[in-house]
Amino acid sequence: MGALLLQEKITSSQNKRVKQWRALTTKKGRQATQTYLLEGWHLVHEAILAHQSLRAIMGTAEQLTAHAAELPTDVDRFELTESIAKTIGDANTPQGIFATVPLPAKDVLDPQTVEGGWLFLDQVQDPGNIGTMVRTADAAGLRGVVLGLGSASLYLPKVLRAMQGSQFHVEVVEADLHQWIQAFTARHLPVYGTNLDPQAQDYRNVDPVTTGAIVMGNEGNGMAPDLQQLTTRNLYIPIKGRAESLNVAVAAGIVMFRLFG
């Protein structure tokens with residue numbers, strides 16, 4: 001381990017790096033640099049623990065000093081003024097420390113060969129729901145989560161905060177659910193939908209599985225009809241009270257722990 005090395009101190013908000021980091025909250029900015037932004041010590045620390053290949057670490061002098069012992073020494077480091085740190089991220093209460101991480105390579109997972117439990121998200125658009133479901137999938141021991149077309153981006157700041165670093169513990173990919181569902185069912189693996197229909201089954205009556213998937217649909221409209229035609233069976237959660245429905249993340253958690261617990 002070498003001595004800690006400060007690469008650069010940035011004091012101007014017009015610095016090109018600052019503009020680049022700010023742009024990472026947008027899809028265009030992420031694609032331009034093929035990186036995304038982690039905000040706050042918890043996420044930065046989770047990335048370090050997961051041996052992610054950080055491109056840069058940025059923070060106020062206070063934050064860089066506070067976490068000096070845990071920061072990797074082979075990553076470019078930038079000290080920010082308090083005012084600049086407040087403009088880079090998206091959180092309401094900025095913590096003053098950030099990191100940039102390379103976007104993962106696309107199509108590195110083959111649905112025809114993957115194993116374990118999977119959660120498929122069809123057009124789920126609330127960032128908090130997506131992040132919560134990824135975190136819950138991590139807690140329930142699933143292998144991964146697939147965000148289908150029409151779902152909110154995995155790299156939105158609110159999604160990243162809600163995942164709390166679980167994206168470093170499970171596989172999270174953005175892909176076409178039609179391909180993934182068909183690949184699973186072609187292997188005779190169960191893929192359970194979560195819409196009500198006459199053939200839907202109480203989730204408590206389904207045996208746990210080691211490899212398979214659950215599909216959670218859009219918050220307002222449920223699963224797309226064409227995806228419903230591809231699933232093995234639909235499951236439902238009996239509601240005993242007077243609530244019309246469950247939050248999608250709550251429902252996903254109940255079914256994940258039942259099927260893959």
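**Glu219, some salt bridges and a cavity**

At 36% relative accessibility, Glu219 counts as partly exposed, because the partly exposed range runs between 20% and 50%. That is the residue I will start with. One caution before going on: the model is predicted.

Where does Glu219 sit in the chain? Its place is the loop between strand S11 (212–216) and helix H9 (225–228). Leaving out residues up to four places away in sequence, Glu219 touches Gln123, Val124, Gln125, Asp126, Asn129 and Val248. Two of these contacts can be described at the level of atoms. A polar atom of the Glu219 side chain lies 3.2 Å from the backbone nitrogen of Gln125. For the backbone nitrogen of Asp126, the distance to a polar atom of that side chain is 3.0 Å. Please look also at Asn205. Glu219 and Asn205 are 14 residues apart in sequence, and their C-alpha atoms are 25 Å apart in space.

Next is Asn129, which is on the contact list of Glu219. Asn129 belongs to helix H6, residues 127–139. Is Asn129 buried or exposed? Its relative accessibility is 10%, so Asn129 counts as buried; the cut-off for buried is under 20%. Apart from neighbours within four places in sequence, Asn129 is in contact with Val124, Glu219, Asn247, Val248 and Ala249. Val124 and Val248 are on this list, and both are on the list for Glu219 too.

Now the salt bridges. Side chains of opposite charge can pair when their charged atoms come close. How many salt bridges does a search of the whole structure find? The search finds six. I will go through some of them.

In one, Glu8 pairs with Arg17, with 3.5 Å between the closest N and O atoms. Glu8 is partly exposed at 28% relative accessibility, and Arg17 is partly exposed at 32%.

In another, Asp202 pairs with Arg204, and the closest N and O atoms are 2.7 Å apart. Here Asp202 counts as buried, at 9% relative accessibility, whereas Arg204 counts as partly exposed, at 41%.

The side chains of Asp90 and Arg161 also meet in a salt bridge, 3.2 Å from N to O. Asp90 lies in the loop between helix H5 (82–88) and strand S5 (97–102), and Arg161 lies in helix H7 (residues 157–163), so this pair ties together parts that are 71 residues apart in sequence. Asp90 is partly exposed at 33% relative accessibility, and Arg161 is partly exposed at 26%.

Arg161 takes us to the last topic, since Arg161 is one of the residues that line the largest cavity. A search of the whole structure finds one cavity of 30 Å³ or more. The space in the largest cavity is about 80 Å³. Which residues line it? They are Leu24, Thr25, Leu37, Leu38, Glu39, Leu43, Tyr155, Pro157, Leu160 and Arg161. Strand S2 (35–39) and H7 are the elements that give two or more residues to this lining. By type, the lining has seven nonpolar residues, one polar and two charged.

To go over the main points again: Glu219 is in a loop and touches Asn129, among other residues. Asn129 is buried in the model. Arg161 pairs with Asp90, and Arg161 is also part of the cavity lining. That is the end of my part.

Note on methods:
Residues are numbered from 1 along each chain as its sequence is written. This is a predicted model: local features need pLDDT of at least 70, side-chain atom pairs count only at pLDDT 80 or more; totals for chains, interfaces and linings use all residues. Side-chain values use heavy atoms; hydrogens and water are left out. Helices (H or I, at least four residues) and strands (E, at least two) are DSSP runs, numbered from the N terminus. Buried means under 20% relative accessible area, exposed over 50%, partly exposed in between (1.4 Å probe, protein chains only). Contact means heavy atoms within 4.5 Å. A salt bridge is a side-chain nitrogen of Lys or Arg within 4 Å of a carboxyl oxygen of Asp or Glu. On a 1 Å grid over the protein atoms alone, a cavity is a set of points where a 1.4 Å probe fits but cannot get out, and a pocket is an open set with protein on both sides within 12 Å along at least five of seven lines; lining residues have an atom within 4 Å of a point. Grid points are joined across faces, edges and corners, and a volume is the space filled by probe spheres set on the points. Ala, Val, Leu, Ile, Met, Phe, Trp, Tyr, Cys and Pro count as nonpolar, Asp, Glu, Lys and Arg as charged, and the others, Gly among them, as polar. A polar contact is a pair of N or O atoms within 3.5 Å; within protein, one must be able to donate a hydrogen and the other to accept it, and residues adjacent in sequence count only if both atoms are side-chain atoms.
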